Amino acid sequence: MYLERARQLNGTLIRHAVALHQAGAIPPASYLIDTDTVRANAALLAAQAADLNLRLFFMSKQIGHNRETVAAIRAGGIDKTVAVDGRSAELLSQQGVPLGNVGHLSQIPQAQLESLLAGRRPEFLTVFNLAQARRAAQIGAGLDAPVQALLKVRPDGPATFPGQEGGFYVDELKDQLPALTSLPGLQVSGVTAYPCTTFDRAASCFRPTAELSSLAQAAQLVGDQTGSAPHVNAPGNTAAETLELLADWGCGSAEPGHALTGTGPHHRQGRGAEKPAIVYVSEIVQVDDGTATAIGGGLYRRGGLRHALVGTGHSITESAPVTVTLPDAQYIDYYFTLELPPGHRVKVGDTVVAVLRPQVFVGYARTVALDGLHSGNPVLGMVRDSQGLEDQAWRAPSR
C-alpha cells in the first residue's frame, strides 16, 4: 500500500510532517510535498524519455499546481506543462511555466480561447470537434503562426472515465479531416487520447488501452491526409514503467503526473522506480470507544486511502497503521474515521499521516512544499490553497 512504501522509502518525510504539524507550521487537511524527491523523480523520467526520444509535459493538477513543487519538476528536467483546462492554463502561465498542451481533458471555453492562444501561446491546443477547430482557426488567422492542434480521439463505446467524454471517433475523423486540414490559421499537428495505458492489477502490469489503439489509427489517417508524420501525444499513467510501451507504439510525448510523487497505481503495489514524495497530514479532533475522528478535506475517493499513522513524535514510523474509513461519497468529507484496535491509544491533537493518490485541484485541501529535506537543510514553503495560490487563511502561531 502507499503508506507502507512511504514508510520504507521516505520515513523522513513522515517524521517531518508530524513535527511540522505539532509545531503549528502546517495545517491539518494538507498535503506535504518533498520537493527533493519530486525533483529526483522528474530527473529519472526525463532521462529515460530522452533515451526513447519521447517528450514530456508534466501534470500538476494532482498537487494543486503547488508553485514550489512545479519549480522542482522543471529543475528535474521537465520544463513544459500540460493544462487540463482553462483555469489550470492561466494558473500555470502566471507562474511563468511554458504551456506544452492545453485543454487536454476539458475543452477551453470559447470566451477564453483568444486570450489563451494569443497571450499565453501554448505549443499545442487539444481540439475535440470541428466547431472548436473553426474557432481556434479564426484566432490563429490573426496570429503570426497557426494554432498547432492535437485532435482528441476516442474509441467506439463509452468513455473510460465518465465525465471525460468528447473527441473524434476514428470513422468520424475520416470524414472531417479534409475540412480540419483546410482551415486557415490552424495546423493539424497530431493526435491525442486519454488514457493510453491502464494498470492490470491482477497481472501487475500496464497494458495498452482501446484509446491507444484508436490513437494509432487516427495518427495513420492524419499522416495520410497531411503527408507528414503527426505528433502522437499519449497521456495516462505515464511513468518510468510505461515509457517504453509508448515508444514502441510510436508515440511522441506523454504526461507524467502521479509518477512525480510516487502515487501511481503500480506504486500502490510496492513497485516502480519513482519514490514516494507526498503525505496527507491531519489531526485527531474526537476520540470515542474504538474510533477516532480526524479533520478531512480533499480526500479523493479513488485515491486508495486505506490506512494511516497516528502520533506526536519521530516514533510514528514504528507505530502500527490504523484502518481509515471515509464517509459515503454522497457526503462532504469534513471528517474521516480511524478504526482503533484494542489498546491503541490516541488523543485529541495527535497528528495523522496518510498517503493516497491525490487530486488536490478538485478538493479544498492545502499543499505545502518542503525543500532540502534530504540535504540536511529543510526549508518550508508557504501554505497554498488547492489551486497553488497563497492561503491567507492559515498563519502559523509565533513560537
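# Exercises on a predicted model

Asp144 and Arg121 meet in a salt bridge whose closest N and O atoms are 3.0 Å apart. The model is predicted, and this pair opens the first exercise.

## Exercise 1: A bridge between two loops

Find where Asp144 and Arg121 lie, and say how many residues apart in sequence the parts are that they tie together.

**Solution.**
- Step 1. Asp144 sits in the loop between helix H7 (130–140) and E7, and Arg121 in the loop between helix H6 (110–120) and E6, so their salt bridge ties together parts that are 23 residues apart in sequence.
- Step 2. Now look at the surface. Asp144 has a relative accessible area of 66%, so Asp144 is exposed.
- Step 3. Arg121 comes to 41% relative accessibility, so Arg121 counts as partly exposed.

## Exercise 2: Other salt bridges

Take the pairs Glu68 with Arg384 and Asp171 with Lys174, and work out which parts of the chain each pair joins.

**Solution.**
- Step 1. In the salt bridge of Glu68 with Arg384, the closest N and O atoms are 2.9 Å apart. Glu68 belongs to helix H4 (residues 67–75) and Arg384 to the segment after strand E21 (379–380), so the pair ties together parts that are 316 residues apart in sequence.
- Step 2. Check how covered these partners are. Glu68 is partly exposed because its relative accessibility is 26%, while Arg384, at 6%, is buried because the cut-off for buried is under 20%.
- Step 3. Turn to Asp171 and Lys174, whose side chains meet at 3.5 Å, N to O. Both residues lie in helix H8 (residues 170–181), three residues apart, about one turn of the helix. Lys174 has a relative accessible area of 46%, so Lys174 is partly exposed.
- Step 4. Finish with the wider view. The count comes to 15 salt bridges, and Asp36, Arg39 and Asp371 are linked in a network of them.

## Exercise 3: Two pockets

Describe the largest pocket and the second largest pocket by volume, lining and kind of residue.

**Solution.**
- Step 1. Start with volume. The largest pocket has about 900 Å³, and the second largest has about 160 Å³.
- Step 2. Now look at the walls. Lining the largest pocket are 42 residues, with Phe161, Tyr194, Arg302, Arg357 and Gln359 nearest its centre. For the second largest pocket there are 16 lining residues, and Arg154, Ala159, Thr160, Gln164 and Glu165 lie nearest its centre.
- Step 3. Which strand gives the most to the lining of the largest pocket? Strand E10 (residues 197–200) does, with three residues. For the second largest pocket, the largest share of the lining is three residues from strand E7 (residues 147–154).
- Step 4. Sort the residues by kind. The lining of the largest pocket has 17 nonpolar, 18 polar and seven charged residues, and that of the second largest pocket has eight nonpolar, four polar and four charged.

## Exercise 4: Unusual backbone

Examine the backbone at Pro195, Ser204 and Asn237, and note what sets each apart from the general rule.

**Solution.**
- Step 1. Recall the rule: most residues other than glycine have a negative phi, and most peptide bonds are trans.
- Step 2. The peptide bond from Tyr194 to Pro195 is cis, with omega near -5°. Pro195 is in the loop between strand E9 (186–192) and E10.
- Step 3. Ser204 is not a glycine, yet its phi is positive, about 55°. Ser204 is in the loop between E10 and strand E11 (205–208), and at 26% relative accessibility it counts as partly exposed.
- Step 4. Asn237 also has a positive phi, about 60°, without being a glycine. Its loop runs between strand E12 (231–233) and helix H10 (243–248), and its relative accessibility of 24% makes Asn237 partly exposed.

## Exercise 5: Inside, outside and across the chain

Is Leu125 buried or exposed, and which residues form the nonpolar patch on the surface?

**Solution.**
- Step 1. Leu125, in strand E6 (residues 124–127), has 1% relative accessibility and so counts as buried. Its C-alpha is 4.9 Å from that of Ala149, although the two are 24 residues apart in sequence.
- Step 2. The patch is formed by Ile332, Tyr334, Tyr335 and Tyr364, which together have about 480 Å² of accessible area. Tyr364 is in the loop between strand E19 (351–354) and strand E20 (366–371).

Technical notes. Residues are numbered from 1 along each chain as its sequence is written. This is a predicted model: local features need pLDDT of at least 70, side-chain atom pairs count only at pLDDT 80 or more; totals for chains, interfaces and linings use all residues. Side-chain values use heavy atoms; hydrogens and water are left out. On a 1 Å grid over the protein atoms alone, a cavity is a set of points where a 1.4 Å probe fits but cannot get out, and a pocket is an open set with protein on both sides within 12 Å along at least five of seven lines; lining residues have an atom within 4 Å of a point. Grid points are joined across faces, edges and corners, and a volume is the space filled by probe spheres set on the points. Helices (H or I, at least four residues) and strands (E, at least two) are DSSP runs, numbered from the N terminus. Ala, Val, Leu, Ile, Met, Phe, Trp, Tyr, Cys and Pro count as nonpolar, Asp, Glu, Lys and Arg as charged, and the others, Gly among them, as polar. Patches are made of residues with over 30% relative accessible area and no salt bridge: like charges are joined within 9 Å, nonpolar side chains (Val, Leu, Ile, Met, Phe, Trp, Tyr) within 5 Å. Accessible areas come from the Shrake-Rupley method with a 1.4 Å probe; for residues, only the protein chains shown count as cover. A salt bridge is a side-chain nitrogen of Lys or Arg within 4 Å of a carboxyl oxygen of Asp or Glu. Buried means under 20% relative accessible area, exposed over 50%, partly exposed in between (1.4 Å probe, protein chains only).
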